[in-house]
Amino acid sequence: MSSQSQGIKLMHNPDSSGYRLLELPPDLVNLLESDTAPVLTLESSDSSTVLRTPSKTYNLRQKNTSNGLFLLAPHSSSDLLDQGLDVISIIHETVELDVVPEMPAGRDKLADTGSRGKWHEMFGKGR
């Protein structure tokens, strides 16, 4: 007589929350797990959104994936035979953080000197 094991019941039960997964760089994870974790801020501009820490700035960039990630939660039921997992969301994109390079101190945007470069001086005069 063989015993057949029963698997874990998986039910599709999405909720209305919009989930996004962030891929955190190791240095940011260490900062957030420290005893003196700072407050982080999100700021938007015309072209992107950035996450700021006291010492670094990160661009947020969405990455799509062809393989969906299933976000699971325990299925809540008083019936012991109805135990299992709920798929509460299927995520097809993650948000990646890229460090924004710092500008060296004392170097603002380059000033316009009026020069248009050697190519323009040689070939652009006749245009």
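Arg61 in strand 5 faces Glu96 across the strand pairing, with Glu96 placed in strand 6. The two strands run antiparallel and share 13 bridges. The model is predicted.

**Overall make-up**

The chain has two helices and six strands. Their order along the sequence is β-β-α-β-β-β-β-α. There are 127 residues, and 17% of them count as buried. The exposed surface comes to about 10600 Å². Carbon and sulfur atoms supply 53% of that area. Take the contacts between residues at least 6 apart in sequence: 57% of them join residues at least 24 apart.

**Strands 3 to 6**

Strand 3 covers residues 41-44, and strand 4 covers residues 49-52. They run antiparallel and are joined by four bridges. Four residues separate them, and the two strands form a hairpin. Within this pairing, Leu42 sits opposite Leu51. Glu43 sits opposite Val50.

Strand 4 also pairs with strand 5, residues 57-74. This pairing is antiparallel too, with three bridges. Here again the strands form a hairpin with four residues between them. Val50 has Asn59 as its bridge partner in strand 5. Leu51 is partnered there by Tyr58. Val50 thus faces Glu43 in one pairing and Asn59 in the other. Leu51 likewise faces Leu42 and Tyr58.

Strand 5 goes on to pair with strand 6 through the 13 antiparallel bridges. Strand 6 spans residues 84-99.

**Salt bridges**

The count comes to seven salt bridges. Three of them are listed here, with their N to O distances.

| Pair | Distance | Separation in sequence |
|---|---|---|
| Arg20 and Glu93 | 3.0 Å | 73 residues |
| Lys63 and Glu23 | 3.5 Å | 40 residues |
| Asp98 and Arg61 | 3.1 Å | 37 residues |

Start with Arg20 and Glu93, whose closest N and O atoms are 3.0 Å apart. Arg20 lies in the loop between strand 1 (9-12) and strand 2 (21-23), while Glu93 lies in strand 6, so the pair ties together parts that are 73 residues apart in sequence. Arg20 counts as exposed, at 52% relative accessibility. Glu93 counts as buried because its relative accessible area of 18% falls under 20%. Leaving aside neighbours within four places in sequence, Glu93 is in contact with Arg20, Gln62, Lys63, Asn64 and Thr65.

Next come Lys63 and Glu23, which meet at 3.5 Å. This pair links strand 5 to strand 2. Lys63 is partly exposed at 30% relative accessibility. Glu23 is partly exposed at 37%.

Asp98 and Arg61 meet at 3.1 Å. Asp98 is in strand 6 and Arg61 in strand 5, so the bridge ties together parts that are 37 residues apart in sequence. Asp98 has 27% relative accessibility and counts as partly exposed. Arg61 is also partly exposed, with a relative accessible area of 41%.

Which residues are linked in a network of salt bridges? Glu23, Arg61, Lys63, Glu96 and Asp98 are. The network therefore includes Arg61 and Glu96, the pair that stand opposite each other in the strand pairing.

**Asp86, buried without a salt bridge**

Asp86 is in strand 6. How far away is the nearest side chain of opposite charge? That side chain belongs to Lys9, and the distance is 9.6 Å. A salt bridge needs the atoms within 4 Å, so Asp86 has none at that distance. Asp86 is nonetheless buried.

Polar contacts do reach the Asp86 side chain. One joins it to the side chain of His75, at 2.8 Å. Another joins it to the side chain of Asn13, at 3.3 Å. Beyond its neighbours within four places in sequence, Asp86 is in contact with Met11, Asn13, Leu71, Leu72, Ala73, Pro74 and His75.

**Ser34, after helix 1**

Ser34 belongs to the loop between helix 1 (26-33) and strand 3. A polar atom of the Ser34 side chain lies 2.8 Å from the backbone oxygen of Leu31. Is Ser34 buried or partly exposed? Ser34 is partly exposed, with a relative accessible area of 29%.

Key
Residues are numbered from 1 along each chain as its sequence is written. This is a predicted model: local features need pLDDT of at least 70, side-chain atom pairs count only at pLDDT 80 or more; totals for chains, interfaces and linings use all residues. Side-chain values use heavy atoms; hydrogens and water are left out. Buried means under 20% relative accessible area, exposed over 50%, partly exposed in between (1.4 Å probe, protein chains only). Contact means heavy atoms within 4.5 Å. Accessible areas come from the Shrake-Rupley method with a 1.4 Å probe; for residues, only the protein chains shown count as cover. Two strands pair if DSSP finds at least two bridges between them. A polar contact is a pair of N or O atoms within 3.5 Å; within protein, one must be able to donate a hydrogen and the other to accept it, and residues adjacent in sequence count only if both atoms are side-chain atoms. Lys and Arg count as positive and Asp and Glu as negative; His and the chain ends are not counted.
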